[in-house]
Amino acid sequence: MALRAAATTTPAASRGLRALFSTFSSNFPFSPPQPQVEKPPPAEPSTNLFVSGLSKRTTSEGLREAFAKHGEVVNARVVTDRVSGYSKGFGFVRYATLEDAAAGIKGLDGQFLDGWVIFAEYARPRPPPPSIQNDNTAGGYGNYNGPSYGRNNM
């Protein structure tokens, strides 16, 4: 009983627990470092658009219909999961001209499609694949050039 009464008369109890753990009211001199994340430069304008934030139910036909309102769509493709067949949440739309692509971004970036907010931007080119070094010194599983432990040498 005495502990409960002592706990309620402390200054921290009068301020509340939120004030105790708040970073704004704390006199602690340390502030955690803010992450320095560099945003990639914007992609160069092209006729190919990257569309993200798609619903799992969005189809390539639905994506084509939505973007066709803003210009001539050459191709529209929703990337789907191989097993379930549902959308992975992103896709690509290719317009006939740069002006149509710019109109598509302006018209649909941040808009709703199938109940989800979608984001449209110019697609970045695919990075080159990592070079595979063909040396016989690499070890590990799947290395058929190394010693044959347990394999029949025929």
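**Exercise 1. Is E121 buried, partly exposed or exposed, and what is its relative accessible area?**

Solution. The structure is a predicted model, in which local features need pLDDT of at least 70 and side-chain atom pairs count only at pLDDT 80 or more, while totals for chains, interfaces and linings use all residues. Residues are numbered from 1 along each chain as its sequence is written, and side-chain values use heavy atoms, with hydrogens and water left out.

Step 1: set the classes, where buried means under 20% relative accessible area, exposed means over 50%, and partly exposed lies in between, using a 1.4 Å probe and protein chains only. The underlying areas come from the Shrake-Rupley method with a 1.4 Å probe, and for residues only the protein chains shown count as cover.

Step 2: place the residue, since E121 has a relative accessible area of 36% and is therefore partly exposed.

**Exercise 2. Identify the partner of E121 in a salt bridge.**

Solution. Step 1: recall that side chains of opposite charge can pair when their charged atoms come close. The criterion is a side-chain nitrogen of Lys or Arg within 4 Å of a carboxyl oxygen of Asp or Glu.

Step 2: apply the criterion, which gives R124 as the partner of E121, with the closest N and O atoms 3.2 Å apart. R124 is partly exposed, at a relative accessible area of 41%, and the structure holds 1 salt bridge.

**Exercise 3. Describe the order of the elements and the pairing of strand 2 with strand 3.**

Solution. Step 1: count helices (DSSP runs of H or I, at least four residues) and strands (runs of E, at least two), numbered from the N terminus. The protein chain has 5 helices and 6 strands, and their order from the N terminus is α-α-α-β-α-β-β-α-β-β-β.

Step 2: examine the pair, for which DSSP must find at least two bridges between the strands. Strand 2 and strand 3 run antiparallel and are joined by 6 bridges, with N75 standing opposite R94 of strand 3. The two strands form a hairpin with 6 residues between them, and in the turn G85 has a positive phi of about 85°.

**Exercise 4. Locate the largest nonpolar core and follow strand 1 into its surroundings.**

Solution. Step 1: define such a core as a set of buried Ala, Val, Leu, Ile, Met, Phe, Trp, Tyr and Cys residues joined through side-chain atoms within 4.5 Å. The largest one has 19 residues, of which L49, L63, F67 and V93 touch the most other members. Strand 1 (48-52), helix 4 (60-68), strand 2 (73-80), strand 3 (87-95), helix 5 (98-108) and strand 6 (119-122) each supply at least two of its residues.

Step 2: list contacts (heavy atoms within 4.5 Å), leaving aside neighbours within four places in sequence. Those of L49 include F67, V93, I105 and E121. V51, in strand 1, is buried at 0% relative accessibility, and its contacts include L63, F67, V93 and F119. The C-alpha atoms of V51 and L63 are separated by 9.2 Å, the two residues being 12 apart along the chain.

Step 3: turn to S52, also placed in strand 1, which counts as buried at 19% relative accessibility. Among its contacts, with the same neighbours left aside, are G89, F90, V117 and F119.

Conventions
Contact = heavy atoms within 4.5 Å.
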